[in-house]
Amino acid sequence: MAYDDNNIFAKILRGEIPCKKVYEDEHTLAFHDINPQAPVHVLVIPKGAYVSMDDFSAKASATEQAAFVRAIGQVALQLGIVDSGYRVLANHGRDGHQEVPHLHMHVFGGRDLGPMIGRPRS
Ligand code: 5GP
């Protein structure tokens, strides 16, 4: 899938739409999800134009990839969910129900998060 410069996270990165920032470094930004599904629900995104994990792992530099992984750990530490536990999840493409076509990791925590994956509705 080609990257769409008009996706909502690209607008956040350009400062056209506000976000509640949690963490930022040269290559990565993390901010609170606008519609949280748990007491802690943060999105971690690379600043580069990547659609998905496969795209990012194929095209991003080692420095960008390391920064992304480090940011996820930093967010968990910063938000105090390391001891209680948390979940990191990324949705990709149609079957993953990805809504925003810019790579993002969801970091959930602050309550019992239940089973890893729901059954499809019939
Ligand atoms: P996806 O289904 O693509 O994995 O999740 C996209 C996430 O982005 C959703 O959890 C949604 O609530 C969040 N989101 C959509 N638009 C905005 C926005 O403008 N600001 C923030 N902070 N989150 C957003």
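# A guided tour from the ligand outwards

Select the ligand and His32 to begin: a backbone N or O atom of His32 lies 2.9 Å from a nitrogen atom of the ligand. The model on screen is predicted. Next, add Asn91, where a polar side-chain atom is placed 2.8 Å from an oxygen atom of the ligand. His97 makes its approach through the backbone, with an N or O atom 3.2 Å from an oxygen atom of the ligand. Taken on its own, the ligand has 530 Å² of accessible area, and the protein covers 87% of it. Extending the selection to the whole surround brings in 17 residues, of which Asp33, Asn91, Glu99, His104 and His106 are the closest.

**The hairpin**

Now select residues 21–24, which form strand S1, and residues 28–32, which form strand S2. The two strands run antiparallel and are joined by three bridges. The connection between S1 and S2 is a hairpin of three residues. Display the side chains of Lys21 and Phe31: Lys21 stands opposite Phe31 in S2. Are these two residues buried or exposed? Phe31 is buried, because its relative accessibility is 2% and the limit for buried is under 20%. Lys21 has 52% relative accessibility and therefore counts as exposed, the threshold being over 50%.

**Salt bridges on and beyond S1**

Keep Lys21 in view and add Glu24. Lys21 and Glu24 form a salt bridge in which the closest N and O atoms are 2.6 Å apart. Glu24 counts as partly exposed, at 39% relative accessibility. Adding Lys47 completes a network of salt bridges that links Lys21, Glu24 and Lys47. In the whole structure, a search finds five salt bridges. Another of these is found by selecting Arg14 and Glu16, whose side chains meet with an N to O distance of 2.7 Å. Arg14 is partly exposed, with a relative accessibility of 43%.

**Aromatic pairs**

Colour the aromatic rings next; the structure holds three aromatic pairs. Select Phe9 and return to Phe31: their rings form an edge-to-face pair, with 5.5 Å from centre to centre and 75 degrees between the planes. Which parts of the chain does this pair tie together? Phe9 lies in helix H1 (residues 8–13) and Phe31 in strand S2, so the contact joins parts that are 22 residues apart in sequence. Phe9 is buried, with a relative accessible area of 6%.

Move on to Phe56 and Phe68. The ring centres of Phe56 and Phe68 are 5.1 Å apart and their planes lie at 65 degrees, so this pair is also edge-to-face. The pair links distant parts of the chain, since Phe56 belongs to helix H2 (residues 53–59) and Phe68 to helix H3 (residues 62–78), 12 residues apart. Phe56 is buried at 2% relative accessible area, and Phe68 is buried at 1%. Add Tyr50 to the selection to see one aromatic cluster of Tyr50, Phe56 and Phe68.

**Along helix H2**

Stay on helix H2 for the last stop and select Asp55 and Lys59. Both residues lie in this helix, four residues apart, which is about one turn. Asp55 and Lys59 form a salt bridge, their closest N and O atoms being 2.7 Å apart. How does the burial of the two partners compare, and which of them is exposed? Asp55 is buried, with a relative accessible area of 10%, whereas Lys59 is exposed, with a relative accessible area of 62%.

Technical notes
Residues numbered from 1 in each chain as written. Predicted model: local features only at pLDDT ≥ 70, side-chain atom pairs only at ≥ 80, totals over all residues. Heavy atoms only, no water. Pairing = 2+ DSSP bridges. Phe/Tyr/Trp six-rings, centres within 6.5 Å; stacked < 30°, edge-to-face > 60°. Buried < 20%, exposed > 50% of the residue type's maximum accessible area, 1.4 Å probe, protein only. Near = heavy atom within 4 Å. Polar contact = N/O pair within 3.5 Å; in protein donor to acceptor, adjacent residues only side chain to side chain. Areas by Shrake-Rupley, 256 points an atom, 1.4 Å probe, with all protein chains shown as cover. Salt bridge = Lys/Arg side-chain N within 4 Å of Asp/Glu carboxyl O.
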